Structure formats: C-alpha cells, structure tokens
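Please brief me on this protein. I am new to it and want the overall build, then one helix and its residues.

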Amino acid sequence: MKNWLIHIVVNTIVLMTVDGYMDSIQLRSVWAALGAAVILSILNVVVKPVLILLTLPVTILSLGLFLFVINAITLSLTAWLMGDAFKIAGFGSAFLASLIISLLNLLIQTFIVHPLKNK
C-alpha cells in the first residue's frame, strides 16, 4: 500500500509537470492530477496487461517500442475517463506525454525514491 501511494504521488507530480510544459495537455487542478494518477495506476494494473498480451507479436517485432503506444493509449483512456478535468489534444500529444512521463518516472524512481527506501 505504501509503495502504491508513493507511486500515486510521483505520478501526480509528473502529470502536473507535463501539464506545465505541454500546451496540448490540460489538467484543471491538483486534484484532477491526483485523480488522473489514481485512474492511470488502476488502468496500468487492469487494462495495460491485456493490451500487452493482445499486441505481443507487434511488441516483439518492434523490440518493445510498441509499449510506448500502449502507454499513450492508457493515458488517452485516462483523459477520456476524467472528462473536462484532464484533456489531451490528440494521440500524438498523448504519445509524446507518455514518453516524457516514462522518462520522468524513471529518473524520479532511480534518483529519489529508491535511495530514500534504502536508508
């Protein structure tokens, strides 16, 4: 449970950061970012494995790069479920945002979260 809450807080911060730098992504408030982080984490647990399984041949042929498309799909689905509180201009914006979110999550987990857990 503690790891999930840390993941939610990190995703909230990352989503607000992406919102601040990309004009094509709009979050209404901090609470919308928190809600989007919760929905995104639920979709990553429930929907993403199904999508990975269904697209396994394409993912293998693309050497795993198709996973970024799956991340963009889950991000777009999150925006659709959030309605007016979270808007993404199009799939290209969702794809770029998913790349940035993945990179920021990797950096935060590697340089902040894991060192704090090891103390």
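The briefing below moves from the whole fold to helix 5.

This is a predicted model, in which local features need pLDDT of at least 70, side-chain atom pairs count only at pLDDT 80 or more, and totals for chains, interfaces and linings use all residues. Residues are numbered from 1 along each chain as its sequence is written, and side-chain values use heavy atoms, with hydrogens and water left out.

**Overall build**

- The protein has five helices and two strands. Helices (H or I, at least four residues) and strands (E, at least two) are DSSP runs, numbered from the N terminus.
- Along the sequence, their order is α-β-α-α-α-β-α.
- The C-alpha trace spans about 40 × 35 × 25 Å along its principal axes.
- The radius of gyration is 14 Å, which agrees with the value near 14 Å for a compact globule of 119 residues. That radius is taken over C-alpha atoms, and the globule rule is 2.2 Å times the number of residues to the power 0.38.

**Surface and core**

- The accessible surface is about 7,300 Å², and 75% of it belongs to carbon and sulfur atoms. Areas come from the Shrake-Rupley method with a 1.4 Å probe; for residues, only the protein chains shown count as cover.
- Of the 119 residues, 34% are buried. Buried means under 20% relative accessible area, exposed over 50%, and partly exposed in between (1.4 Å probe, protein chains only).
- Take contacts between residues at least 6 apart in sequence: 62% join residues at least 24 apart. Contact means heavy atoms within 4.5 Å.

**Helix 5: the buried side**

- Helix 5 bends by about 40 degrees at Q109. The bend is the angle between axes fitted to the seven residues ending there and the seven starting there.
- Its buried residues are S93, A94, A97, S98, I101, N105, Q109 and V113.
- They pack against helix 1 (2-21), strand 1 (25-27), helix 4 (66-82) and strand 2 (86-88).
- S93 counts as buried because its relative accessibility is 15%. Beyond its neighbours within four places in sequence, S93 contacts M22, S24, I25 and I88.

**Helix 5: the nonpolar patch**

- L107 belongs to helix 5 (residues 91-117). With a relative accessible area of 37%, L107 is partly exposed.
- L107 joins L103, L106, F111, I112 and L116 in a nonpolar surface patch, with about 630 Å² of accessible area together.
- Patch residues have over 30% relative accessible area and no salt bridge; like charges are joined within 9 Å, nonpolar side chains (Val, Leu, Ile, Met, Phe, Trp, Tyr) within 5 Å. A salt bridge is a side-chain nitrogen of Lys or Arg within 4 Å of a carboxyl oxygen of Asp or Glu.
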